[in-house]
Every structure is written in C-alpha cells, then in structure tokens.
Amino acid sequence: MLQDYRSWRLLAFCLILPACAWAQSQSTSVSEAEKYYQAGECSKAVDLLKSTAGKDTGNGDVELLLTKCYLQLKQTDAAVSSGEKAVAINPKNSEYHRWLGEAYGEKAGRASMFSAYGLARKTQKEFDTAVQLDEHNFDAAQDLVEYDCTAPSVVNGGEEKAQPIIQKLMTLDVAEGHYAAGNCKAVKKDYAAADAEFTKALESKLKSLDRVYNIADYFAQRGQGEKVSAVVEVAQVQAPQDPRVNFYRAVGFILKKEKVADAEKILKQYLQDAPKHPGDPPPMNAHYWLGRGYEAEKNMSAARAEYEAALKLDGKYKPAQEGLKRLGNP
C-alpha cells in the first residue's frame, strides 16, 4: 500500500512539474519585461509580453504591463485594448482601472472632438472606479482630481467635483491632499494658491518622487529657479542617485542664470546617458533647456540648434516652438 502511494505521488509530481516549470517561465518573462520597461526599452518588453499573453490569457498583470509599455510607445489603441483585457480579467483591481483610464485619456487627446467626448467620460469613469475600489490608490485619486479640475462640464468635469476627493486625501495623507489642491489651482491658473499648496505638500513630506518632480516642473515652467533648486534639495534626500536630481539642478541653474556652463555639462551628460526610466524627462526636454542655457549666454545659433533638435523629437513641443519664435529668423 505504501508503495502504491509513493507511485501515485511520483506520478502526480511528474504531471505537475511541467506546469510548474511553465509557470516559472512565464513569471521570468514578466520579470524580464518589467526590467525592460523600467529601463525605457518598451519595444523589447512588448515582444516578450505578447508571447506570454498568448500562452496565459488570464494574466491581468501581463496586460497591465503591456498597457504601460504601449503608452510609452504612444500606441494608444493597443494600450486601450490591453487595458480593457486587464480589467475584464479582474474588474476588482484598482490599478487595472487606473491604467485603463490613462489609456482612454491618451486616446482622447489624439481623437477627433466627437470621439474625444466619449473617451473623456470613459477616462473619468475608470479613475473614479479605481478610487472607489481602493481609496489609498493615490495615483488614481490624483488623476481623478486633475481630470475634474481640467475637463469642462460637458464631459462631467468641474472643480466642485474635485473638492471632496481633495478633502478625502487630506485625511488619508496630508501631503497628497496639498499636492492635489495645488494641481487643481495650477490648472485654474491661480498660481499664488498653487505655489502655497505645493510648498505645503513638500513641507508635509510628499512621498511620491514623481509628484515631487512634477512640482519642480511646475516651478520651472513658472520661471522660479530658486524654488526649482529647493525642490531638488528635497528630492535629493529621498533618492540621491535619481537622474532627475541633476537634470532639475541644471534647470535651476539656468533659470537663476548662474553656473550656466555647469548646467550645460550636466544636460549633455544626461543626454549621453539617455533617460532610463518612464518618469525621467525625455531627451527633447534636455535639448530645450540646453537651448535656454545658450540663450542666457547669448549664443543664439547654438540655442536654435537645440530647439530644432527638440522639435525633431516632437514637432508639437510648444516650449521649443516658443524658443524659436523668440529667436526670430536666422
């Protein structure tokens, strides 16, 4: 009898082993794809994930990562398709809904006016669902606040709808609440109020580095070099090796018109190293700020070359367009 049991156990083990090996292989593929995504190599990640998705149609995490990658590659239709598959696999997953909302939002931004209305409403619905499923999904809450403060009433937007979400964030994480309030005020061009809220968010120890650098970006767009440098000091304490530390340090120098030559070296090194993570400023931003640095030094031909380099990467990049307009005809 004991021998029979051992034989059965051995048979079961032999049957299970291939399935376990397959599952481990799938997990390894997803892990490798995540590394490619984090390194900014989304095409390689997609190649791996498409094969995995075909063999494991019930894996929502694979579809989620595909959604993120397609968004980085600006393939919005594919991003929506993968996002919808992820939500269909697990409708109770807050993060799946949030990223589907991101995909709908990106597609809305590229669609005709007629199509954009429907996509915009879908965007809000997904963000709202994500928050309802998990009130601690602060990324989704911030997305929803930004939508409500930006979108017109015709697509169900409105600042009054954002206020309860902001107040809820204040009770859950005061820094997140102040950030949301600042972002809403910035959208409404109430810059004095936005400055105050963003400052409170930093003083309240805002944990999200992405949001910390969004504040740096806001101050940079406002031409407030001292405040950009102050944000860099906060960020450096949290993650001194993050490449954005030096990028925004250079931006601060250029806006303050100090150590401009140092700023140019930093930005050239940044371009040489190439942005490696999804949240890093893209190369066109570095070319733009190099152009601003050269403008500060009255080297207009070099500034023009950098603005043109930025526009080669994105022909609709407005700051570079404005830079060329400032320089006038060559």
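Let's start with a crossing: helices α6 and α7 cross in a left-handed way. This is a predicted model, so please hear every value today as computed from it. The axes of α6, residues 113-133, and α7 come within 8 Å and cross at roughly 145°. Those two values are the usual vocabulary here, since two packed helices are described by the angle between their axes and the distance between the axes. If you'd like to click through the contact, α6 contributes Ala120, Arg121, Thr123, Gln124, Phe127, Asp128, Ala130 and Val131. From α7, the partners are Ala140, Ala141, Asp143, Leu144, Tyr147 and Asp148.

Now let's zoom out. The protein chain has 17 helices and zero strands. Its C-alpha trace spans about 90 × 45 × 45 Å along the principal axes. Of the 330 residues, 45% count as buried. For those of you who like contact maps: among contacts with a separation of 6 or more, 52% come from residues 24 or more positions apart.

Next, the inside. In soluble globular proteins, nonpolar side chains tend to be buried together. Here, the largest nonpolar core has 47 residues, and the members touching the most others are Phe198, Ile215, Phe247, Tyr248, Val251 and Trp289. What does Phe198 touch, leaving out residues up to four places away in sequence? The list is Tyr179, Gly182, Asn183, Ala186, Ile215, Tyr218 and Phe219. There is also a second, separate core of 26 residues, which includes Cys42, Ala45, Val62 and Ala103.

Phe198 takes us to its helix, α10, where the buried residues are Ala194, Asp195, Glu197, Phe198, Ala201 and Leu202. They are covered by elements including α8, α9, α11 (209-221) and α12 (225-238). α10 itself has 13 residues and reaches 18 Å from first C-alpha to last, close to the 18 Å expected at 1.5 Å a residue. After α10 comes Lys205, with a positive phi near 65°.

Let's move along to α14, residues 260-273. This helix has 14 residues and an end-to-end C-alpha reach of 20 Å, close to the 20 Å expected at 1.5 Å a residue. Which residues of α14 are buried? They are Val260, Ala263, Glu264, Ile266, Leu267 and Tyr270. Looking down the axis of α14, these buried residues fall within an arc of 165°, so they line one face of the helix. The spacing makes sense if you remember that an α-helix has 3.6 residues a turn, so residues three or four places apart point the same way. That buried set packs against α13 (243-256) and α15 (283-296). On the other side of α14, Lys265 and Gln272 are exposed.

One more resident of α14 is Gln269. Is Gln269 buried, partly exposed or exposed? At a relative accessible area of 37%, Gln269 is partly exposed. Its C-alpha is separated by 9.7 Å from that of Asn246, which is 23 residues away along the chain. Just past the end of α14 sits Ala274, with a positive phi near 70°.

While we're in the area, have a look at Arg244 in helix α13. Is this arginine buried or exposed? Arg244 is buried, because its relative accessible area is 7% and the cut-off for buried is under 20%. Setting aside residues up to four places away in sequence, Arg244 touches Leu209, Asp210, Tyr213, Gly279, Asp280 and Pro281. So if you plan to look at one charged side chain on screen, here is a neighbour list to go with Arg244.

Last stop, for the Ramachandran fans: two loop residues. Asn156 is not a glycine, yet has a positive phi of about 70°. You'll find Asn156 in the loop between α7 (138-150) and α8 (159-172), and this asparagine is partly exposed, with a relative accessible area of 35%. Lys189 is not a glycine either, and its phi is positive at about 65°. Lys189 is in the loop between α9 (174-187) and α10 (191-203). With a relative accessible area of 62%, Lys189 is exposed.

That's the tour, thanks for listening!

Methods:
Residues numbered from 1 in each chain as written. Predicted model: local features only at pLDDT ≥ 70, side-chain atom pairs only at ≥ 80, totals over all residues. Heavy atoms only, no water. Helix = DSSP H or I, 4+ residues; strand = E, 2+ residues; numbered from the N terminus. Expected span 1.5 Å × (residues − 1). Buried < 20%, exposed > 50% of the residue type's maximum accessible area, 1.4 Å probe, protein only. Arc of directions from axis to C-beta. Contact = heavy atoms within 4.5 Å. Core = buried A, V, L, I, M, F, W, Y, C linked by side-chain atoms within 4.5 Å. Axes fitted to C-alpha atoms, helices over the stretch in contact; angles between N-to-C directions. Left-handed = near helix turned anticlockwise from the far one by under 90°.
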